[in-house]
Amino acid sequence: MSRRPTDSSGISFTALYTGAVWHRHGLSDDTLATGKGRWLYRLMTPFEAVSKAAVGGNIRTFLLQRHLIIDHLIDRAITERGITQVLEIACGMSPRGIRLRHRHPLIHMVEADLPDMAGRKALRLLATNRLGDHHQVTPIDILADHGEYQLETVIDRVFDNTRPVIIITEGLTSYFSLATITDFWRRLSTAMARRPGSVYLSESYYQPSQPLLNTTLKALGSLLGAATRSQVSFHFQTDDQAREHFLSCGFTSATVHDPRSWYGVLPIPESRGEPMVRVIEASC
Ligand SMILES: C[S@@+](CC[C@H](N)C(=O)[O-])C[C@H]1O[C@@H](n2cnc3c(N)ncnc32)[C@H](O)[C@@H]1O
């Protein structure tokens, strides 16, 4: 019998690595660079180099693909749909909030993470005078089904609930089994349906069809699962499966973005074969 997790704080340290990747690639700010992140970046470099040479892509490739495609889709939702409220769940040390507020000074940006990580982020943004009425950091726990950190409570509290919201989870959902994260997606679609026109952006990883790569990635997934005390999972194998699943969770539309459609359009690195990552854009 599988029990639903109630504490996923073991995942938090991975935000230091992704934070270092954003910083190394000129996407971040010195405020968000951490010593541990730099250390993890150096530790991972040989592995990343071997992986790039052997299979034509590595973790950094798909991190940059997902991050820049999500950024582009947020810009599009702001400029084409006129949405001005943005919630980034599991923000970690992501510089997205800073960059978005710089590009779109009129938006209301709320960054959210587990209480410890949210506290660390808030301190760093406060130190550089970035927080205020239109840029906030708040604690959230996507597993909470009651209390002040619950998804529904946070959204009600921080936004004008007569208007739509762009909600992002980047680097979060694959740490949970499909059953656990499906509960979250259903609750999210219900909350978004109360604010018609809202958009959800996230990413998903597919199991590679190449057997050697598949075995290697499964082993890596198990290692990461043990290190983060989580159930690292590949949820889907095809775009159709992913799309159907999001529709079954209550979203009224779902588009699956393959990084290959953005080669030459966005400044993203290219994978040698089929990219492992997809970006999901779902609306209510
Ligand atoms: C891989 S990091 C991604 C950070 C950031 N989005 C990025 O891409 O750089 C995963 C993040 O999920 C957060 N997290 C883990 N469990 C969570 C939960 N139950 N609710 C909200 N955030 C959670 C962690 O604290 C961590 O910041």
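1. Ligand shell. In this predicted model, 22 residues surround the ligand. A15, T18, A90, G92 and G171 come nearest. By class, the shell holds 11 nonpolar residues, eight polar and three charged. Helix 1, residues 14-24, gives the largest share of the shell, with four residues.

2. Strand 4. This strand covers residues 166-169. I166 and I168 point one way. I167 and T169 point the other way. All of these residues are buried, whichever way they point.

3. Partners of strand 4. Strand 1, residues 85-89, pairs with strand 4 in the parallel sense. Four bridges join strand 1 and strand 4. Within the pairing, E88 stands opposite I168 of strand 4. Strand 5, residues 199-205, also runs parallel to strand 4. Three bridges join strand 4 to strand 5. Here the bridge partner of I167 is Y200, in strand 5. Strand 4 is thus paired with strand 1 and with strand 5.

4. Crossover. What lies between strand 4 and strand 5 in the β-α-β unit? The helical element is helix 7, residues 178-193. Strand 4, helix 7 and strand 5 together make a β-α-β unit, and the unit is right-handed.

5. Nonpolar core. The largest nonpolar core has 67 residues. Which residues have the most contacts inside this core? They are I89, I166 and I167. Helix 3, residues 59-81, supplies the largest share of the core, eight residues. I166 and I167 also belong to strand 4, where they point in opposite directions.

6. Surroundings of I89. Set aside the neighbours within four places in sequence. I89 is then in contact with A112, I140, I142, I167, I168, T169 and L172. Among these contacts, I167, I168 and T169 are residues of strand 4. I89 itself falls in strand 1, residues 85-89, the parallel partner of strand 4.

7. S271. This residue is found in the loop between strand 6 (253-257) and strand 7 (277-283). Is S271 buried or exposed? S271 counts as buried, because it has 20 C-beta neighbours inside 10 Å, and the cut-off for buried is 20 or more. Leaving aside neighbours within four places in sequence, S271 is in contact with G56, G57 and T61. T61 falls in helix 3, residues 59-81.

8. S271 and W22. These two residues are 249 residues apart along the chain. Their C-alpha atoms are separated by 18 Å. W22 falls in helix 1, residues 14-24, the helix with the largest share of the ligand shell.

Notes: Residues numbered from 1 in each chain as written. Predicted model: local features only at pLDDT ≥ 70, side-chain atom pairs only at ≥ 80, totals over all residues. Near = placed C-beta within 6 Å. Helix = DSSP H or I, 4+ residues; strand = E, 2+ residues; numbered from the N terminus. Nonpolar A, V, L, I, M, F, W, Y, C, P; charged D, E, K, R; others polar. Buried ≥ 20, exposed ≤ 12 C-beta atoms within 10 Å, placed from the backbone. Pairing = 2+ DSSP bridges. Right-handed = clockwise from strand over helix to strand, strands pointing away. Core = buried A, V, L, I, M, F, W, Y, C linked by C-beta atoms within 7 Å. Contact = placed C-beta atoms within 7 Å.
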